[in-house]
Every structure is written in structure tokens, then in C-alpha cells.
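Got the model loaded and the selection box ready? Here is a walk through it, one selection at a time.

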Amino acid sequence: MFHHLRRRLLCTAAAPPIRVALTESSGRGVFATRPISAGEVLHSAQPLVSHPSPPLIHEVCYSCLRKKSGSGGGSSGSCYFCSDACREHAKGFHGVEKKADWSLFDDHCSSRGLKYPYMAKRLACMVISGAVSADCLDILQPARLHQGTLTEMEEEFVLLDSTFRKAGFQEEITTFLTKEWYINVLARIRINAFRIELVASSYEDLLSSAVASVSCDAAVGNAVYMLPSFYNHDCDPNTHIVWLASADARLKALRNIEEGEELRICYIDASMDVDARQRILADGFGFECRCQRCLSGD
């Protein structure tokens with residue numbers, strides 16, 4: 001698995017100075033393959049699946065999550081696309097989506113303030129369109145799910161499945177769409193999805209940005225990535241993930257990093273006190289943080 005990912009990294013035009021390997025206590029991790037200078041952009045990443053925040057469907061691109069400008073782009077039905085390229089990129093999954101009436105599914109998610117089922121719905125449409133395989137998220141770590149969460153997911157799946165059935169999709173192209181598939185996908189989306197706020201508008205802003213987290217209210221959407229999902233957490237991180245104008249992510253070194261050092265990002269708002277950080281990490285990510293900052297009580 002790691003060898004396959006390493007080959008993909010080496011096949012890029014300029015291989016990033018990183019490798020994925022097992023850590024002593026945190027599963028997979030990302031390590032520097034050479035000394036890295038503070039401010040260096042390590043690599044970029046495109047989302048495996050993304051979705052706009054539901055209240056912003058008309059304000060951000062339905063494909064890349066770019067914010068709507070005063071006069072640019074165009075819309076398709078109830079969705080906004082910032083360019084013809086994004087409209088073409090979304091043609092597969094959006095074409096599938098438009099064939100069904102999602103009102104019951106959307107009302108269910110909206111009334112409960114849910115966001116991740118929209119990503120699972122989009123992924124299902126991508127699989128049906130042939131854009132991705134049904135197991136494309138299997139390499140990612142799943143979240144631990146409580147019985148109450150499983151019950152809610154089962155209700156969501158019934159609505160998702162019935163929507164496709166009512167739309168007349170043939171069973172041979174939806175054989176992957178089972179309750180087990182839906183739960184497995186959501187278990188991975190819940191723990192690996194990044195909340196996206198477009199914190200910079202230029203490359204210079206990116207290099208000067210040292211924001212450690214983003215505000216939920218300002219988020220334009222959520223996305224799941226392959227390589228960024230392998231970065232472990234630290235409340236005093238040496239690496240930061242940022243977004244410029246779209247959901248394409250960039251990973252940047254916050255300080256000088258030695259060869260062989262593990263690269264870590266902060267999953268939450270690093271400005272919170274230790275008790276708040278521990279509580280959020282335990283509830284949202286299922287682990288007790290034992291980084292040096294937490295151990296010191298900072």
C-alpha cells in the first residue's frame with residue numbers, strides 16, 4: 001500500500017520531499033526525506049471528494065468550492081459553477097444527481113444539520129458515473145462509530161437508496177450501494193474530512209499565513225484528500241494545510257524541519273486551552289493527544 005503511494009509521488013513532475021511510513025504509536029505518518037525550510041510549500045493535493053456547505057450552494061462553485069465573484073462563471077440548475085472547466089469536471093456526478101429528486105434526503109440532512117451525508121451522496125454519484133471506484137476511500141482510516149451514530153446512518157442510507165431507486169437507476173450499476181458501503185464511507189469521511197476556508201488569495205498570502213485552524217462559520221465546504229489524510233496531529237504543528245482560491249490544498253512548513261522528522265498538522269483550533277483541545281480531539285477524532293504541548297499543560 002505504501003509502495004503504491006510512493007510510486008505515485010515519484011511519478012509527479014517534482015516529487016515532494018516526503019514519504020509515508022508507519023509511526024511508533026500513531027499508525028501511518030508523513031516524514032521529511034530532506035531538510036525543509038520554514039515557509040516551503042511541500043506539495044499540493046486535489047480532493048477525492050468534496051461538497052460545498054449547504055447554505056452556500058449558490059455562493060461557491062459546486063465543483064471546486066471557489067467563491068462566487070460578482071459576474072464570473074455560470075450556474076447549472078440550482079448550482080453555481082465558476083467556469084466551464086468546473087462544469088465539465090462535474091458533468092459526470094452532477095448528471096447522475098440531476099436525474100433524481102433529492103428533496104427528502106436534503107430535508108433530512110438540513111433539519112439535523114448534517115454535512116457529511118452530502119459527501120457520501122456525491123461519492124455515490126461519482127461511482128455511478130464511472131469517475132471513481134466504490135472502494136476509493138478504503139485506504140483511509142475509519143472513525144469509531146457509536147450505536148446511535150450507526151442508527152442515524154442507517155436512516156440516511158434508506159433515504160439515499162430509495163432516491164436512486166425511485167429515479168430508476170438500474171440495479172447493475174448500483175450493486176455497490178449497500179448499507180455497509182454507506183457506513184464504511186461515512187466512517188472515513190467523518191474522521192478524514194477537512195473543513196475548508198479559503199484563507200488566502202495569492203501565493204504571497206500563502207507564504208505569510210500561519211493560521212492554525214479555521215472557523216466553522218466561515219467554511220465554504222468540506223473535502224477528503226489522500227495524502228493530507230496521512231498527516232498526524234500535533235497541537236504545536238510543524239506543518240500547515242491551507243487553501244487559496246479553491247479546494248485544492250497546499251501543505252506548508254511552519255518552521256525548519258530536519259530530514260526524517262515526522263510532519264504533523266493541527267486538526268483543531270490550536271489557540272484553545274489544553275482541556276478544550278483534549279475534549280474536542282477525544283470526541284471528534286477518538287484519541288487522547290500526548291504531544292509535548294499537551295503533556296506540559298500548555
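Start by selecting strand S9, residues 232–233, together with S12: the two pair in the parallel sense over two bridges. Put labels on His233 and Ile265, because the first has the second as its bridge partner in S12 under the DSSP pairing used here. Bear in mind as you go that this is a predicted model.

Stay on S12 and show the side chains of residues 262–265. Both faces of this strand are covered. Glu262 and Arg264 sit on one side, Leu263 and Ile265 sit on the other, and all four are buried. That fits a general pattern: in a regular strand the side chains alternate between the two faces of the sheet.

**Next door: S2 and the hairpin**

Now add S2 to the selection. S2 and S12 run antiparallel and are joined by two bridges. To find your place, look for Val30, which stands opposite Leu263 in S12.

From S2, move on to strand S1. Residues 18–22 make up S1 and residues 28–32 make up S2; the pair is antiparallel, with five bridges joining them. Leu22 has Arg28 as its bridge partner in S2. Which residue in this hairpin takes a positive phi? Click on Gly27: its phi is near 70 degrees, and the hairpin has five residues between the strands.

**The three-stranded sheet**

Clear the selection and pick S4, S8 and S7. These three strands form an open sheet in exactly that order, with antiparallel pairing. The edges are S4 (49–52) and S7 (194–196), each of which pairs on one side only. From one strand to the next, the twist averages 20 degrees.

Zoom in on S4 and S8, the latter being residues 221–224: four bridges hold this antiparallel pairing. One pair to label is Ser50 with Ala223, its bridge partner in S8.

Then bring in helix H5, residues 116–129. H5 lies across S4 and S8, and runs at about 125 degrees to S4.

**Two buried residues to click on**

Go to Leu65, in the loop between S4 and strand S5 (74–76). Here is one for the Ramachandran plot: Leu65 is not a glycine, yet its phi is positive, about 70 degrees. Is Leu65 buried or exposed? Its relative accessible area is 0%, so it counts as buried.

Then select Tyr80, which is found in strand S6 (residues 79–81). Tyr80 counts as buried because its relative accessibility is 3%, where the cut-off is under 20%. Try a distance from Tyr80 to Val60: they are 20 residues apart in sequence, and their C-alpha atoms are 6.6 Å apart in space.

**Helix H4, seen end-on**

Select H4, residues 103–112, and color Phe105, His108 and Cys109, which are buried. Turn the view until you look down the axis. The buried residues of H4 fall within an arc of 90 degrees, so they line one face of the helix. The general geometry helps here: an α-helix has 3.6 residues a turn, so residues three or four places apart point the same way.

In a second color, pick Leu104, Asp107, Ser110 and Ser111, which are exposed on the other side of H4. What covers the buried residues? The cover includes H5, already on your screen, and helix H6 (147–166). Just past the end of H4, stop at Gly113, which follows the helix and has a positive phi near 65 degrees.

**Into the cavity**

Switch on a cavity surface if your viewer has one. How many cavities of 30 Å³ or more does the structure hold? There is one, and the largest cavity has a volume of about 40 Å³. Its lining is Leu123, Ala134, Asp135, Cys136, Leu137, Asp138, Asn184, Val185 and Arg188. Helix H7 (residues 179–192) gives the largest share of that lining, three residues.

**Zooming back out**

Finally, show the whole chain as a cartoon. There are ten helices and twelve strands. Color by accessibility and you will find that buried residues make up 48% of the 298 residues. If you plot a contact map, look away from the diagonal: among contacts with a separation of 6 or more, 67% come from residues 24 or more positions apart.

Definitions and conventions. Residues are numbered from 1 along each chain as its sequence is written. This is a predicted model: local features need pLDDT of at least 70, side-chain atom pairs count only at pLDDT 80 or more; totals for chains, interfaces and linings use all residues. Side-chain values use heavy atoms; hydrogens and water are left out. Axes are lines fitted to C-alpha atoms, for helices over the stretch in contact, and angles run from 0 to 180 degrees between N-to-C directions. Contact means heavy atoms within 4.5 Å. Buried means under 20% relative accessible area, exposed over 50%, partly exposed in between (1.4 Å probe, protein chains only). The arc is that of the directions from the helix axis to the C-beta atoms. On a 1 Å grid over the protein atoms alone, a cavity is a set of points where a 1.4 Å probe fits but cannot get out, and a pocket is an open set with protein on both sides within 12 Å along at least five of seven lines; lining residues have an atom within 4 Å of a point. Grid points are joined across faces, edges and corners, and a volume is the space filled by probe spheres set on the points.
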